[in-house]
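Let's sit down together and learn how to read salt bridges in a model. Have the structure open beside you.

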Amino acid sequence: MCVGVPAKVIKIEGEKALVDVMGAKMTVGILFVPEIALNNYVLIHAGQAMVIIDEEYANASIKEWRELLDARDKDFFTS
Amino acid sequence: MLETKIFSHPELTRRLADAVAKSAETFIKREGRMPAVMEVCGSHTMAFAKSGIKTRLRDYVRLIAGPGCPVCVTDQKAIDAMIRLSEKNNVILCSFGDMMRVPGSGSSLLQAKTNGSDIRVIYSPSDSIQIAEDHPDKEVIFLGIGFETTIPALVAAVREAEKKGLTNFSIWMTTKLVAPVLRALLQSGEVELDGFLLPGHVSIVTGKQSYRFLNDDYQIPGVITGFEPVQLLSGLLKLLNQLHEGRTGIINDYTYVVNEAGNFTAQHYMETYLTRADEEWRGIGEIRGSGLVLREKYARFDAKKKFNVLPAVPKKTKCRCGDIIRGVITPEECVLFNKACTPSKPVGPCMVSSEGTCAAHYHFMRED
Ligand code: SF4
């Protein structure tokens, strides 16, 4: 029950927001993320948005791992 | 656009797994044994088994499942109490789906529902508020289980009930906190551990700083990590690197959702509505200050205070979930595993829960 799903914020209304979870729309609570804005990605748990995903950080880790993949001949991991 | 496919990229996963194995070999040569790593969270346990990483690393890293499956650690008495309450004819009981098949001392919530009790499976605690509004003549009780990730959602429901002036809604709080149980495990010394993979989603609420005690009091390292194969392996690799370098700090390897101090707003609401209490853990017993209950000011929403239920005597079985939760044995060491106990006929919660260690081993690591 702990697997949070990333969802995109479509509409904000008071303490609730309409979000898109992989194409499905649902209403979630946003009490714990007061700084939320449209088009943010949030992690949902038990019907509440718990955190706004830091896209810069997410993309940075993705970039880091991509570089590791691309540099196949070098052994980055054990250096 | 958030691109998350890379987290389960097969080639990257394979390369990272090779790197972890190689790093672990160095440890094994030096120490004469495999590094022992506890993944605290039940979702990590399931992800390790499902992705095949646990099997791949079987001879390199001793991955020990920890106490972070909320269903597995819920005391049998709570389920018994819920069943008794559900038998009252003015009660609607609401629960997360995972709890339905967990055996109490006599039966389960699912059996109680089959016998006619009004028990509803809900996804969000707030859904039970709607049910309470729709049924003003009924008492709506929510079975409030969970760790720090879920506790704010329970608080949100109480706050909603308060704002709407509901008098027919209450929560049976049986929540659990990560730090006290980790302390209890380390103090017992039952399991030799070299480090922890720390729960990514609990850490969203508590922050990296909540694990400082691991370093300060026990000199044991930890890495906060996510749930995809690449994230699990990256976390393991960073943990092994710490062991090689003799460092015991906490690394946050899930930076795009976890920060240093956690979610302040969630912490503020938890502090406003809840207070620390001693909590019973299934198979472990009572741990001081290891749970949160409603403050006296909100006693009207506290099902334990609102309804008088006598606890049943726990049924003695050969189930060894308690030992599994503490990391003392593996499921295969339980005589009932894959014999009397299977997911379709579970004897204990570790086989019922979608995050249970016995279920993970049954579905993904069985050798028959
Ligand atoms: S296999 Fe079944 S009986 Fe054995 S510890 Fe796991 S849940 Fe309990």
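**Reading salt bridges**

Q: Which residue forms a salt bridge with R212(B)?
A: A salt bridge is a side-chain nitrogen of Lys or Arg within 4 Å of a carboxyl oxygen of Asp or Glu. Here R212(B) pairs with E260(B), and their closest N and O atoms are 4.0 Å apart. R212(B) sits in helix α10 (residues 212–218) of chain B and E260(B) in the loop between β9 (250–252) and α12 (264–273), so the pair ties together parts 48 residues apart in sequence. Helices (H or I, at least four residues) and strands (E, at least two) are DSSP runs, numbered from the N terminus.

Q: What should I know about the model itself?
A: This is a predicted model, where local features need pLDDT of at least 70 and side-chain atom pairs count only at pLDDT 80 or more, while totals for chains, interfaces and linings use all residues; side-chain values use heavy atoms, leaving out hydrogens and water. Residues are numbered from 1 along each chain as its sequence is written, with chains lettered from A and ligands numbered from 1 in the order in which they are written.

Q: Is D253(B), the partner of K238(B), buried or exposed?
A: Buried means under 20% relative accessible area, exposed over 50%, and partly exposed in between (1.4 Å probe, protein chains only). D253(B) counts as buried at 13%, whereas K238(B) is partly exposed at 26%. Their closest N and O atoms are 2.6 Å apart.

Q: How many salt bridges are there over all chains?
A: A search of the whole structure finds 26.
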